[in-house]
Amino acid sequence: MRLRAKIQRGELTPGDKLPSFAEIATEYGVSSTVIKSAIQALKTSGDIYGRQGKGTFVSSWRRAQRVRRIPFDRGKSAGSTFAQEMEKLGLEPSASLVKCEVEPTSAEITAHLGLTEGDQVLVRQRHMSASGRPVQFATSHIPMTVAGSIDIAFPDVGPTQMYGRLAERGHRPVRFSEEITIRRPLQEEADFLGVDGGLPVIVVTRTAIDAEGTLVEATVNVLDAYAWSLVYEWEENQDEH
């Protein structure tokens with residue numbers, strides 16, 4: 001693929017914007033359908049990425065790994081954090097809280113948290129970027145019967161510190177589950193991630209459970225499917241032999 005060769009030779013460098021489909025088709029004397037297929041292949045390999053309404057750019061990074069260890073040692077990390085993965089790639093992680101409100105639970109979250117439709121939840125939504133490139137759209141939902149009040153969200157903290165605040169209220173998470181699905185992005189997700197609304201995103205929904213079996217939080221992480229790989233590590237259970 002000649003576009004990939006240009007990237008590998010350094011003729012197109014990280015951050016460079018690619019010409020339009022029509023311009024590339026004219027340059028190489030092929031149809032726009034062929035170019036669209038080639039561009040999609042380059043996105044899949046991570047060589048380029050799209051920004052909704054802005055164009056397609058040469059990527060400056062490899063796929064990030066989201067690592068989870070099963071089971072995990074409580075004295076150690078259960079896996080890589082967003083910041084750790086970005087730093088591995090030499091990128092600067094950033095996360096901004098764009099929403100923090102009490103709302104009636106959605107049908108999706110009702111199912112994940114075992115709530116009744118209309119129950120109130122604390123919703124915290126984050127935009128997460130790597131050196132300015134949007135890469136993850138995360139929304140946390142905590143039942144108000146667990147959170148107590150919106151004050152638990154301030155000052156703003158990440159998941160680990162929030163679990164500490166839940167512990168102070170008698171709801172320390174001791175067990176987690178993750179459900180992974182693939183779907184098209186919602187419009188606000190596509191707008192932030194800069195992805196084509198017709199292309200898939202990875203959705204990782206993590207549920208936290210306390211020692212009493214209470215479902216205390218559900219976080220929906222929406223990831224650019226062409227920027228991430230999910231890694232799960234586990235040890236052999238010797239008791240089964």
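How many helices and strands does the chain have? In this predicted model, the chain has eight helices and 10 strands. The report begins with the chain as a whole and then turns to helix α7 and the loop that follows.

**The chain as a whole**

The C-alpha trace spans about 65 × 45 × 30 Å along its principal axes. Of the 241 residues in the chain, 43% are buried. Among contacts with a separation of 6 or more, 60% join residues that are 24 or more positions apart. The surface and the charges of the chain are described by the values below.

| Property of the chain | Value |
|---|---|
| Exposed area | about 12,900 Å² |
| Share of the exposed area from carbon and sulfur atoms | 50% |
| Distance between the mean positions of the 28 positive and 32 negative charges | 6 Å |

**Helix α7**

Helix α7 covers residues 159-168. Its buried residues are Met162, Tyr163, Arg165 and Leu166. Viewed down the axis of α7, these buried residues fall within an arc of 160 degrees, so they line one face of the helix. On the other side of α7, Thr160 and Glu168 are exposed.

The buried residues of α7 are covered by several elements. Among them are the strands β5 (120-130), β6 (133-143) and β7, together with β8 (201-210) and β9 (215-224). The helix α6 (144-147) also belongs to this cover.

**The loop after α7**

Arg169 is placed in the loop between α7 and β7, the latter comprising residues 173-183. Gly170, which also follows α7, has a positive phi, near 85 degrees.

Is Arg169 buried, partly exposed or exposed? Its relative accessible area is 42%, and because buried means under 20% and exposed means over 50%, Arg169 counts as partly exposed.

Leaving aside residues up to four places away in sequence, Arg169 touches Thr145, Val146, Ala147, Gly148 and Ile152. Thr145, Val146 and Ala147 fall within the range of α6 (144-147), the helix that also helps to cover the buried residues of α7. With Val146 there is a polar approach as well: a polar atom of the Arg169 side chain lies 2.6 Å from the backbone oxygen of Val146. For Gly148, the C-alpha atom is 8.3 Å from that of Arg169 in space, while the two residues are 21 residues apart in sequence.

Taken together, α7 has a buried face covered in part by α6, and Arg169, in the loop after α7, touches residues that include Val146 and Gly148.

Methods
Residues numbered from 1 in each chain as written. Predicted model: local features only at pLDDT ≥ 70, side-chain atom pairs only at ≥ 80, totals over all residues. Heavy atoms only, no water. Helix = DSSP H or I, 4+ residues; strand = E, 2+ residues; numbered from the N terminus. Buried < 20%, exposed > 50% of the residue type's maximum accessible area, 1.4 Å probe, protein only. Contact = heavy atoms within 4.5 Å. Areas by Shrake-Rupley, 256 points an atom, 1.4 Å probe, with all protein chains shown as cover. Lys, Arg positive; Asp, Glu negative; His and termini not counted. Charge placed at Lys NZ, Arg CZ, Asp CG, Glu CD. Polar contact = N/O pair within 3.5 Å; in protein donor to acceptor, adjacent residues only side chain to side chain. Arc of directions from axis to C-beta.
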